[in-house]
Amino acid sequence: MSQDHFDFLVLGGGSAGYNAASLARKHVERVAIVDGSKELGGLCILRGCMPSKTLLYSADVLQLARESRKLGLNISRPQVDMAALHQRKLDMIADFAGHRRSQIESDRYHLFRQNGKLGPDRTVILDDGTQISADRILISTGSHVSVPDVPGLADVPFLTSDDILDLDTVPESVIVLGGGVVACELAQFLCRIGSKVIMIQRSPHILSDFEPDMAAVLEEALIDEGVELFTHTDIENIEPNENGVSVQFRQGHRAVIRQAQFLFNALGRKPATAKLGLEEIGIETRSSGHIRTNEYQMTSHPGIYAAGDCAGPHEIVHIAILQGETAARHSLGLEPMPVDYDKVLSVVFTDPQIASVGPSEETIRENLGDSLQIAEFPFSDHGRSMLMEARRGYVRLFSSSSDRKIHRAECVGRDAGELIHSMAVAVGTGATVDEIMKAPWYHPTLSEIWTYPLEDLAG
Ligand SMILES: Cc1cc2nc3c(=O)[nH]c(=O)nc-3n(C[C@H](O)[C@H](O)[C@H](O)COP(=O)(O)OP(=O)(O)OC[C@H]3O[C@@H](n4cnc5c(N)ncnc54)[C@H](O)[C@@H]3O)c2cc1C
Ligand SMILES: NC(=O)c1ccc[n+]([C@@H]2O[C@H](COP(=O)([O-])OP(=O)(O)OC[C@H]3O[C@@H](n4cnc5c(N)ncnc54)[C@H](O)[C@@H]3O)[C@@H](O)[C@H]2O)c1
């Protein structure tokens, strides 16, 4: 075998690519990782999940301290120390990234620190013109911030999530464009550290991919904390002014103008597929730019797979890893399970947190028809959440009178991202209400809240 030919090659060494390479390396000798980023580690570690959750956790503690009087405590003037917060984030990320870098740079892999594009016959052409090839290739190039066609947006300076995660001072005021996951998590963070935050969302409610009831709880919390929230808007113009930026928009018949020191573009991400030469070798993409794959992550080109944000349909790390590993397994003849999104698990790390598992409510209603049974319980009536003063939110279960399985679960409230996992086990394994009821539930825990809707469904 030639020195520049590999058994398995990943183009992009983030969550999808690295995990696919790691799995492939257990079965074949020559595995190549091609990644041209300034720093190795991928979005999740460097500019996504880990830095954002590091900062959000501190902001949650700050808020708890601010609300401590409710708990009979007197914590005077809690406030953020931005220099220390920023340094802690840098240290945390350096640690995670260092670990990943040592894995990728180990002699288990052949690492090429350049960007690449696809050539004919399963070749990859690196930036310096070198050509390498492989029996199997995984495209896992991730995504970048999108700049949609909003009037004026392309002509004004704006911050992205990368900039917010790297702040070492508190911005005086920020207009957040969008109401997706990034917008909600980071708008609350900005508000809690002391910025005046104005949020402008096009859809009728924030988190448009989530159920309206879930979003409503968070909207109320954001407004109570001081975020000025506009939903159902239509942006007409964005322009710079001497103090920063001004955004002109309509909300119904009302014309509104808001100004702030900074604009934060949180209008979503686009797959990083434009410069890969996909069209030239016949790899199909969707209108969104995502690479079209089947349930084994195979593209339209034999021997070439795609996984993670560049393939979609979800931009979530555990899905990127699952897709990458499925591609590696399939390409090596290891007969993986096909990837299906029926049991998709989502968590939004706001406060209250928002979490769900299973198909959307609309799909469940279609699938279950008259057999659908729904039961719910509010945090405001549950002993543990009451004593924690965590009264916002609810849990809701969707079952069927015919198979008695738990098909979907929703949780909005304190630690929802942890609480959802017991129901993720139920939905993931196809457990029935009666089977889950047999589990012991400790008193008084937050988890115990699930027993109320379970008992209702059990009749
Ligand atoms: C602010 C923020 C917070 C997030 N929080 C969460 C969270 O809490 N939980 C969660 O599940 N998800 C979260 N996500 C989403 C998650 O980070 C992504 O879904 C995930 O990291 C995508 O992994 P990936 O492997 O597809 O891409 P990436 O990790 O982006 O990896 C792609 C790699 O490919 C490289 N590359 C690109 N083009 C080329 C090329 N031509 N040649 C060679 N290399 C190339 C890039 O440099 C990069 O290293 C968050 C995202 C953001 C922006
Ligand atoms: N907790 C987590 O798991 C987590 C955290 C952060 C990000 N992520 C993932 O990262 C991805 C990116 O998140 P995001 O929030 O940047 O994107 P998103 O797609 O979730 O949200 C983008 C928002 O911008 C709005 N928008 C888009 N184009 C617009 C336009 N032209 N005019 C007005 N509004 C417009 C959309 O309606 C939406 O509300 C998501 O898929 C998300 O799953 C996950």
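Before we look around, one bit of vocabulary helps: Ala, Val, Leu, Ile, Met, Phe, Trp, Tyr, Cys and Pro count here as nonpolar, Asp, Glu, Lys and Arg as charged, and the others, Gly among them, as polar. With that in hand, the 22 residues that surround ligand 2 can be sorted into 11 nonpolar, 7 polar and 4 charged. Please keep in mind throughout that this is a predicted model.

Let us stay with ligand 2 for a moment. The closest residues around this ligand are Gly178, Gly180, Val182, Gly268 and Glu315. Two elements, H6 and strand S17 (345–348), give two or more residues to the shell. The largest share, 4 residues, comes from H6. Domain 2 (153–267) and domain 3 (342–458) each contribute at least three residues to this shell.

A UniProt record adds to this part of the picture. In an unreviewed entry, the feature "binding site" is placed at Gly178, Gly179, Gly180, Val181, Val182, Ala183, Cys184, Glu185 and Gly268. These positions are spread over 91 residues of sequence, yet they cluster in space, with a largest C-alpha distance of 13.2 Å. Two of the positions are worth a visit. Val181 lies in helix H6, and Ala183 has its place in helix H6 too. Is Val181 buried or exposed? Val181 has 23 other C-beta atoms within 10 Å, so this residue is buried. Ala183 also counts as buried, because 23 C-beta neighbours lie inside 10 Å. Setting aside residues up to four places away in sequence, Val181 touches Leu207 and Val348. With its neighbours within four places in sequence left out, Ala183 is in contact with Val176, Gly178, Met199 and Ala266.

From here we can step into the interior. In soluble globular proteins, nonpolar side chains tend to be buried together. The largest nonpolar core of this model holds 70 residues, and Ile175, Val176, Ala187 and Leu207 touch the most other members. Helix H6 (residues 181–193) gives the most to this core, with 9 residues. At least three residues of the core come from each of domain 2 (153–267) and domain 3 (342–458). To get a feel for the surroundings of Val176, look for its contacts with Ala183, Ala187, Val197, Ile198, Met199, Phe264 and Ala266, which leave aside neighbours within four places in sequence. Apart from this core lies another one, of 49 residues, with Phe8, Leu9, Tyr18 and Ala134 among them.

Now turn to the other ligand. Ligand 1 is surrounded by 34 residues, of which Gly12, Gly14, Gly42, Gly142 and Gly308 are the closest. Which helices each supply at least two residues of this shell? They are helix H1 (15–25), helix H2 (42–47), helix H3 (49–66) and helix H8 (317–331). By class, the shell around ligand 1 has 13 nonpolar, 17 polar and 4 charged residues.

The unreviewed UniProt entry also places the feature "binding site" at Lys53, Gly116, Thr141, Gly142, Ser143 and Asp309. They span 257 residues in sequence, and the farthest two C-alpha atoms are 31.0 Å apart, so they do not all gather at one spot. Lys53 lies in helix H3 and counts as partly exposed, because 15 C-beta neighbours lie inside 10 Å. Thr141 sits in the loop between strand S6 (131–139) and strand S7 (143–145). Thr141 counts as buried, because 31 C-beta neighbours lie inside 10 Å. Not counting residues up to four places away in sequence, Thr141 touches Leu11, Gly12, Ala272, Thr273, Leu276 and Cys310.

Finally, consider how the chain is divided. The domain assignment gives domain 1 (5–144 + 270–341), domain 2 (153–267) and domain 3 (342–458). The centres of domain 1 and domain 2, taken over C-alpha atoms, are separated by 27 Å. Their contact takes 12 residues from domain 1 and 13 residues from domain 2. On the side of domain 1 that touches domain 2, H3 and helix H4 (82–104) are the elements that give two or more residues. H3 gives the most to that side, with 7 residues. The side of domain 1 that touches domain 2 has 8 nonpolar, 3 polar and 1 charged residues.

Notes: Residues are numbered from 1 along each chain as its sequence is written. Chains are lettered from A and ligands numbered from 1 in the order in which they are written. This is a predicted model: local features need pLDDT of at least 70, side-chain atom pairs count only at pLDDT 80 or more; totals for chains, interfaces and linings use all residues. A residue is near a molecule or strand if its C-beta atom, placed from the backbone, lies within 6 Å of it. A nonpolar core is a set of buried Ala, Val, Leu, Ile, Met, Phe, Trp, Tyr and Cys residues joined through C-beta atoms within 7 Å. A residue is buried if 20 or more other C-beta atoms lie within 10 Å of its own, exposed if 12 or fewer, and partly exposed in between; C-beta atoms are placed from the backbone. Domain bounds come from an automatic or database domain assignment. Two residues are in contact if their C-beta atoms, placed from the backbone, lie within 7 Å. UniProt positions are given in the numbering used here, feature names are shortened, and annotations may be inferred rather than shown by experiment.
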